[in-house]
Amino acid sequence: MLGWELPPHNSGGLGVACYQLCKTLARKGVEIKFVVPYTAEHNLDFMDVISAKIANVSAINGVYDSSEFIDNKDLSGNVFEIQDRYVHAIENIVNESDFHVIHAHDWLTFRAALRAREISGKPLILHIHSIESDRAGDKKGNPLVHEIEQMGLLLADRIVAVSELTKQKIVDEYNIPASKIVVAHNSIDIDDMHDLDPHNSYTYLEERKSHGYKIVVNIGRLTIQKGLTNLLVAARSVIDVQPKTIFLIVGSGDQYYELIELSAKLGISQNVMFTGFQRGKQWRDAFGVADLFVMPSVSEPFGLTPLEAIVYDTPSLISKQSGVSEVLNNCLKTDFWDTDKMANDIVATLRYDSLRETLRDNARDELKKLNWDNTARKLMNTYNEHHKLEVVS
């Protein structure tokens, strides 16, 4: 299995999804050698993590968006040159390994995956968590990344998409036959989620809440894909009628300063807090302090954060243009571009405790029915199309 990141050395949800998926596959008897393009300790007991020894972790984290390039003294070049090194490292690893199937996650691994297939003759499964037009906010994006994706998708033996939304985009944008694509939704492992600490990190927000303020949170990368400009426009309307509202924006990305400037232009700077990238307790506490989580993504192939919000008893408002909307019903949904409805839904949720409680309680019950087992079974069936493996129920 080829992947670009694993927790705790991840910059987003891709690493989390890979980790939880592999943990479930391992319980079903799959032996996994997971190759990452950096050197770090993972100390996992359910699979072997192999380092391609290309770069240090700090150089790799944060390059998931194709528009972001590397600027690190330990490296010469950009993310595409790191991929070149990854391809050469994979050549040695493949020649020294015994395996049945190659399973690769997203465009950053595709060139290495194709080389592994060429050398070994083993079947190649490409797992699509997002395509370039998603990361570019429903625009074409980087033409070189588009070319890498197209070549990989055409040559793969099988494609796994994280949602029906993503499957349809692959069909429409790359002319791939729908019959070649299996949909396997992401999920969440509640057992991997840490409990909230009784002492929240956001003491200022806790104090504001004691004075009647409500907190709306967004957690994710600050990129065009995530639709934060629309959220801030909606925030202006929310604050007009509900001035005791604070928007907590947790994350980093190439829109960081643009969003700060937009908040100032909209005259809502005093109601918007930007924390930068957070993990661990500060990440969990952002959910814990919130009255509502909002994911306004322009194009979200899946989107784990609404499920994570449920774990911490926070109701969600999500865009209809997301894969998670296919499996999560107990939340509010709106089109990413409909800032008026987004604002109205936020105001309603903040004003009416009964609405928040109903969304929270029903979502918690719904979450109990979601797990990685169904996804793992679909992947096992996909593996078995090409090589008979013993399936453990």
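User: Hello! I am new to this structure and would like to start with two helices, H13 and H14. Which residues in H13 meet which residues in H14?

Analyst: Welcome! On the H13 side they are Ala 348, Thr 349, Leu 350 and Arg 351, and these meet Asp 353, Leu 355, Arg 356 and Leu 359 in H14. Sorted by class, this contact has four nonpolar, one polar and three charged residues. Please keep in mind that the model is predicted.

User: How should I describe the way two helices pack, and at what angle do the axes of H13 and H14 cross?

Analyst: The general idea is that two packed helices are described by the angle between their axes and by the distance between the axes. In this case, helix H13 covers residues 339-351 and helix H14 covers residues 353-367. Their axes come within 5 Å and cross at roughly 95 degrees. An angle of 65 to 115 degrees counts as roughly perpendicular, so H13 is roughly perpendicular to H14.

User: Next, the sheet. What is the order of the six strands in the open sheet?

Analyst: To read a sheet, go from one edge to the other and note how the strands pair. Here the order is S9-S8-S7-S10-S11-S12, with parallel pairing. The edges are strand S9 (272-276) and strand S12 (332-334), each of which pairs on one side only. On average, neighbouring strands in this sheet are turned by 20 degrees against each other, direction ignored.

User: How many bridges join S7 to S8?

Analyst: Six bridges join strand S7, residues 214-219, to strand S8, residues 245-250, and the two run parallel. You can follow the pairing by residue: Lys 214 has Thr 245 as its bridge partner in S8, and Ile 219 has Val 250. Helix H9 (residues 228-241) packs on the sheet, where it touches S7, S8, S9 and strand S10 (292-295). The direction of H9 makes about 165 degrees with that of S8.

User: Are the residues of S7 buried or exposed?

Analyst: Buried: S7 is mostly covered, with six of its six residues buried. It helps to look at the two faces in turn. Lys 214, Val 216 and Asn 218 are buried on one side, and Ile 215, Val 217 and Ile 219 are buried on the other.

User: I also see aromatic rings. What kind of pair do Tyr 19 and Phe 46 make, and why?

Analyst: For a ring pair, look at the distance between the centres and the angle between the planes. Planes over 60 degrees apart count as edge-to-face. The rings of Tyr 19 and Phe 46 have centres 5.4 Å apart and planes at 75 degrees, so this pair is edge-to-face. The pair links distant parts of the chain, 27 residues apart: Tyr 19 is in helix H1 (residues 13-27), while Phe 46 is in the loop between strand S1 (33-38) and strand S2 (48-55). Tyr 19 is buried at 18% relative accessible area, and Phe 46 is buried at 17%.

User: Where do Trp 283 and Phe 287 lie?

Analyst: Both are in helix H11 (residues 281-289), four residues apart, which is about one turn of the helix. Their ring centres are 5.1 Å apart and their planes stand at 85 degrees, so they too form an edge-to-face pair. Trp 283 is buried at 18% relative accessible area, and Phe 287 is buried at 0%. Ring pairs also join Trp 283, Phe 287, Phe 293 and Tyr 312 into a cluster. The count of aromatic pairs comes to nine.

User: Finally, the backbone. Which residues does a cis peptide bond join?

Analyst: As background, most peptide bonds are trans, and most residues other than glycine have a negative phi. Here a cis peptide bond joins Pro 7 and Pro 8, with omega at about 5 degrees. Pro 8 is in the segment before H1.

User: And what is the phi of Asn 175?

Analyst: Asn 175 has a positive phi of about 55 degrees, although it is not a glycine. Asn 175 sits in the loop between helix H7 (164-174) and strand S6 (181-183), and counts as exposed at 64% relative accessibility. Asp 313, also not a glycine, has a positive phi of about 60 degrees. Asp 313 is in the loop between helix H12 (305-311) and strand S11 (316-319), and counts as partly exposed at 38% relative accessibility.

How values were computed: Residues numbered from 1 in each chain as written. Predicted model: local features only at pLDDT ≥ 70, side-chain atom pairs only at ≥ 80, totals over all residues. Heavy atoms only, no water. Pairing = 2+ DSSP bridges. Axes fitted to C-alpha atoms, helices over the stretch in contact; angles between N-to-C directions. Contact = heavy atoms within 4.5 Å. Phe/Tyr/Trp six-rings, centres within 6.5 Å; stacked < 30°, edge-to-face > 60°. Buried < 20%, exposed > 50% of the residue type's maximum accessible area, 1.4 Å probe, protein only. Parallel < 35°, antiparallel > 145°, perpendicular 65-115°, else oblique. Nonpolar A, V, L, I, M, F, W, Y, C, P; charged D, E, K, R; others polar.
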